[in-house]
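Trainee: Could you take a close look at one part of this model for me, the first hairpin, and then follow its connections outwards? I'd like one joined-up walk-through, with the cut-offs spelled out.

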Amino acid sequence: MTFSICVRESYEDEDGDEQYRFGVAVTTRLPGVGVPCPHVNEHGAVATQSLTNPRLGSKGVEYLADGLGVEDALQSLLNADEGSEDRQLHGVGRDGTFAFSGDGCNGWYGEREGQNYTVAGNLLTGEAVVERTAEKYEDLRAVGEADPDEPLAKRLVDALGAGQAAGGDKREELTVQSAAVKVADTGEDDAPYWNDLRVDASEDPVVDLRETYRLAKDGYEDALELYGDPDDEDSAGEDESEAADGTDDA
C-alpha cells in the first residue's frame, strides 16, 4: 500500500571530514504514513511497509547504531518476525543496502537496489513506479554531488513525485493519502526544520509535501533574516540589548 525510497549520501565537510546523509521518503493511499513507515538516524535509513510492522524500522535503525551491517540487522529482524511473508522492508546503512518483499505482498510489488539507495513498493500500478522513482533520484543525486548544500529532503520529495506521476498506488477508490520525508545528517549539529516533514491526510500528498517543504524552508530563512540565529551569541546579545532598552516590538 505504499512506495518509498531510502538513500545514503556521503560528502566532505569544510574540515575535510567525511559526513553522511540518510533519508527516507514515502507515500501511500492511507492517512498518517509518516508515523509507522520511515525510520532514520545518523547510521542508516529504513522503510517498513506492506502489512506494516513499525518495530522492524525502529529496531532496524537501532541495530545500525549498534554497529550491525544493514543486511544483518534487517534480516535478523525478519527471521524473528512470524509475519515476515507479508512484510516489505528495505534500507541503507553506512555500508551496503538491503531490500525484501515477502510473497504475501499484494498487487504489483517489488524493489530495486541501486548505488547507495533502495526503492520498494506494493499495490502499485506497475513496475514503472519503482523505476521512475529510482531514475529521478539518480538524476537528482548528480545535482547534490555538484552542490553539497542542495537539500536531500527536497530531492527525495521530487523522486516520490516521479513515482506518483508514473501511476503510484493503484487503489484509486481511496482518496485520503499521505506522504512523509525524514533526513539525518552527521554534519549538522541541529537538524533543519525541513528534514522531518509529514502530510498526514491529503488528496494530493506529494504536491502538498513539496509545498510544506518550501514553506518550512522559507519560513526558517525569513526568521533568521529578521531575528538572527538564536545560537549566535552576537545576535542573542543584540536582542537582549533591545529588550533592555524597551525598543523591541511585542
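Mentor: Sure, let's begin at the turn: S1 and S2 make a hairpin with 5 residues between them, and Gly-16 in that turn has a positive phi of about 85°. Keep in mind that this is a predicted model, where local features need pLDDT of at least 70 and side-chain atom pairs count only at pLDDT 80 or more, while totals for chains, interfaces and linings use all residues. Residues are numbered from 1 along each chain as its sequence is written, and side-chain values use heavy atoms, with hydrogens and water left out.

Strands here are DSSP E runs of at least two residues and helices are H or I runs of at least four, numbered from the N terminus. Two strands pair if DSSP finds at least two bridges between them. In the hairpin, S1 and S2 (residues 18-28) are antiparallel over 11 bridges, with Ser-10 opposite Tyr-20 of S2. S1 also pairs with S8 (residues 117-124), again antiparallel, over 6 bridges; there Cys-6 faces Thr-118.

Now for burial: under 20% relative accessible area is buried, over 50% is exposed, and partly exposed is in between (1.4 Å probe, protein chains only). Of the 11 residues of S1 (residues 2-12), 9 are buried, so the strand is largely enclosed by the rest of the structure. Glu-9 is buried too, at 9% relative accessible area.

Glu-9 also takes us out of the hairpin. Its side chain meets that of Arg-155 in a salt bridge at 2.7 Å, N to O. Arg-155 sits in helix H4 (residues 152-165) and Glu-9 in S1, so the pair ties together parts 146 residues apart in sequence. Arg-155 counts as buried as well, at 1% relative accessibility.

The structure holds 13 salt bridges, each being a Lys or Arg side-chain nitrogen within 4 Å of an Asp or Glu carboxyl oxygen. Another one joins Glu-138 and Arg-112 at 3.2 Å, N to O. Glu-138 is in helix H3 (residues 127-146) and Arg-112 in strand S7 (residues 108-114), so this pair ties together parts 26 residues apart in sequence. Glu-138 is partly exposed, at 29% relative accessible area. Arg-112, Glu-131 and Glu-138 are linked in a salt-bridge network.

There's a second hairpin to look at: S3 (residues 38-41) connects to S4 (residues 44-50) through 2 residues. These strands run antiparallel with 4 bridges, and Pro-38 stands opposite Ala-47 in S4. They belong to an open, antiparallel sheet of 4 strands, in the order S3-S4-S5-S6. S3 and S6 (97-101) are the edge strands, each pairing on one side only. Direction ignored, neighbouring strands of this sheet are turned by 10° against each other on average.

S5 (residues 87-93) and S6 pair antiparallel over 5 bridges, with Phe-100 in S6 as the bridge partner of Leu-89. Helix H1 (residues 54-65) packs on the sheet, touching S3, S4 and S5, and its direction makes about 165° with that of S4. Helix H2 (residues 70-79) packs on the sheet too, touching S4, S5 and S6, at about 160° to the direction of S5. Contact means heavy atoms within 4.5 Å; axes are lines fitted to C-alpha atoms (for helices, over the stretch in contact), with angles from 0 to 180 degrees between N-to-C directions.
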